[in-house]
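Have the structure open in your viewer and the sequence panel alongside. We will go stop by stop, selecting something and then looking at what is there.

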Amino acid sequence: MKYAILVGDGMGDYAIPELGNQTPLESADTPHMDALAQGGLLGLVRTIPKNMEAGSDVANLSIMGYDPAVYHTGRAPLEAASMGVSLADNEVAFRLNLINLTFKRGGHLIMRDHSAGNISTAEAHAIIEDLAGKLPLEKGQKIYPGVSYRHLLVWPGLKSSLPTIAPHDYLDQDVTAYLNQSGEMKPLLDLIQASWPLLEKNPVNLKRKAKGLLVANSIWPWGQGRGLTMPTYQERWGINGAVVSAVDLIKGLGVYAGLKPINVPGATGFIDTDYEAKVKAALNSLKRTDLVFLHIEAPDEASHQGNLQEKIKAIEFFDSRVVGPMRAGLIEMGDFRMLILCDHFTPISVKTHTPEPVPFIIFPGPLPSNRAYSEKQASEAGIYFEQGHTLIDLFLDKQK
């Protein structure tokens, strides 16, 4: 048996008047997901436990079959694992975004863009390497380059419970008060402000500014945590596998779960990602392993930008360039099972993650739904998993 988990990040949404009160999923042309939903098990699953933040780290822990209440320590340790960075007991890892702040009169600072205009990996690496040599880093502090705007800061001796905020949760909002805090947050906020004059003069930013592009004029540490330990798929179910994603968080989850991360040239995490290369890598991995976890970030990024048409396009690309080809490739391999879902809602109206239960498909399923794939149709199907991490047992047919 071959298993494929396909995640369209942030596809879930609310009804939008501009779409005739349909959601982007309902409005998008998704014949492959609709066909799988009609012939498979369709339902809802709560990937974000109540009283936990609606982060991709929490949601994808649930999808992979790990209870976030037990295993979650923070987002950044997962990204550190993807980069091959081991954390000592006294070290705290932070996600380090390159962002764009708008500096307004009166000293007000607005979070304009959490991704510095979707800065390229090559540009970002040049900036991070420059900052690593010029920022006033203390003994043991290190900065590691990642993908696009996503990087890593490791800080020994700092508290992991600092009240940092995710930049994509504060788009177009005033973050002046946050940056002016004192007390335990001051060392972190001082580092942010120390980056401003360095980034203003950075050659990459000067070139981007000349082209009329957004510049990376600030760093932003958040999502911190310490290292974690959890049992692997091999230890739990006797299964081996791989992860295909452009996002370090997802690849890091794979490392902790014992699933091999596969780096795919052309995988960007945006709508221009190389879908065909990711599918090819996923199917090739299944020739040697039991399971693949294939993650597509594009719908989530479009949602954070509030770009409705790009979100619909990203959903359609996920359907036509990922779900369809994956099903065709799996059919050639023999017995298979697919799990298709989004990790969380990222509504266009709020531009950030929300914790509603998400629609899922298990195909083939024990109970064909005869419905299309959408939030409403999944709700009306009457199948619901309150504890998201238990869905994997049904998918793998490993119920106790």
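The tour below starts with the sheet, moves on to a few single residues, and ends at the pockets.

**Stop 1: the sheet**

Before you start clicking, keep in mind that this is a predicted model. Switch to a cartoon view and colour the strands. Eight of them form an open sheet, and reading across it you should meet β9, β8, β10, β1, β11, β12, β2 and β13 in that order. The pairing is mixed. The edges are β9 (259-262) and β13 (384-385), each of which pairs on one side only. As a reminder, strands of a sheet pair through backbone hydrogen bonds, either parallel or antiparallel.

**Stop 2: strand β10**

Now select residues 291-296, which make up β10. How many of its residues are buried? The count is six of six. Show the side chains and turn the strand to see its two sides. Leu291, Phe293 and His295 are on one side, while Val292, Leu294 and Ile296 are on the other, and all of them are buried. That layout follows a general habit: in a regular strand the side chains alternate between the two faces of the sheet.

Next, add the partners of β10. Strand β1 (residues 2-8) pairs with β10 in the parallel sense, over six bridges. Strand β8 (residues 241-244) is also parallel to β10, with four bridges. Leu291 is a handy residue to click here: it is the bridge partner of Tyr3 and also of Gly241.

Stay with β1 for one more step. It pairs with β11 as well, in the parallel sense and over six bridges. To see one matched pair, select Ile5 and Leu339, since Ile5 stands opposite Leu339 in β11.

**Stop 3: Pro24**

Select Pro24, in helix α1 (residues 24-27). Is this residue buried or exposed? Pro24 has a relative accessible area of 0%, so it counts as buried. Show its surroundings: leaving aside neighbours within four places in sequence, Pro24 is in contact with Asp13, Tyr14, Ile16, Leu19, Leu308, Lys311, Ile312 and Ile315. Then try your distance tool from Pro24 to Glu375. These two are 351 residues apart in sequence, yet 9.9 Å apart in space, C-alpha to C-alpha.

**Stop 4: Asp248**

Move to Asp248, which is found in helix α11 (residues 248-257). Its relative accessible area is 8%, and because anything under 20% is classed as buried, Asp248 is buried too. What does its side chain make a polar contact with? Look for the side chain of Ser82, at 3.0 Å. Beyond residues up to four places away in sequence, Asp248 touches Leu78, Glu79, Ser82, Met83, Gly146 and Val147.

**Stop 5: backbone exceptions**

Most residues other than glycine have a negative phi, and most peptide bonds are trans. Three places here depart from that pattern.

- Asn51 has a positive phi of about 75 degrees although it is not a glycine. You will find Asn51 in the loop between β2 (41-45) and α3, where it is exposed, with a relative accessible area of 85%.
- Lys351 also has a positive phi, near 60 degrees. Lys351 lies in the loop between β11 (336-341) and β12 and is partly exposed, at 24% relative accessible area.
- Phe363 and Pro364 are joined by a cis peptide bond, with omega about -10 degrees. Pro364 is in the loop between β12 (358-363) and α15 (375-380).

**Stop 6: the pockets**

Turn on a surface for the last stop. The largest pocket holds about 530 Å³ of space. Of the 27 residues that line it, select the ones closest to its centre: Glu53, Asp57, His72, Trp222 and Gly223. Which element gives the most to this lining? That is β7, with four residues. By class, the lining of the largest pocket has eight nonpolar, 14 polar and five charged residues.

The second largest pocket holds about 300 Å³. Of its 14 lining residues, those closest to the centre are Leu199, Glu200, Lys209, Val215 and Asn217. The elements β3 (91-103), α8 (186-200) and α9 (203-210) each give two or more residues to this lining. Here the classes are eight nonpolar, three polar and three charged.

Key:
Residues numbered from 1 in each chain as written. Predicted model: local features only at pLDDT ≥ 70, side-chain atom pairs only at ≥ 80, totals over all residues. Heavy atoms only, no water. 1 Å grid on protein atoms, 1.4 Å probe; cavity = no way out; pocket = protein on both sides within 12 Å on 5 of 7 lines; lining within 4 Å. Points joined across faces, edges and corners; volume = space filled by probe spheres on them. Nonpolar A, V, L, I, M, F, W, Y, C, P; charged D, E, K, R; others polar. Buried < 20%, exposed > 50% of the residue type's maximum accessible area, 1.4 Å probe, protein only. Polar contact = N/O pair within 3.5 Å; in protein donor to acceptor, adjacent residues only side chain to side chain. Contact = heavy atoms within 4.5 Å. Pairing = 2+ DSSP bridges.
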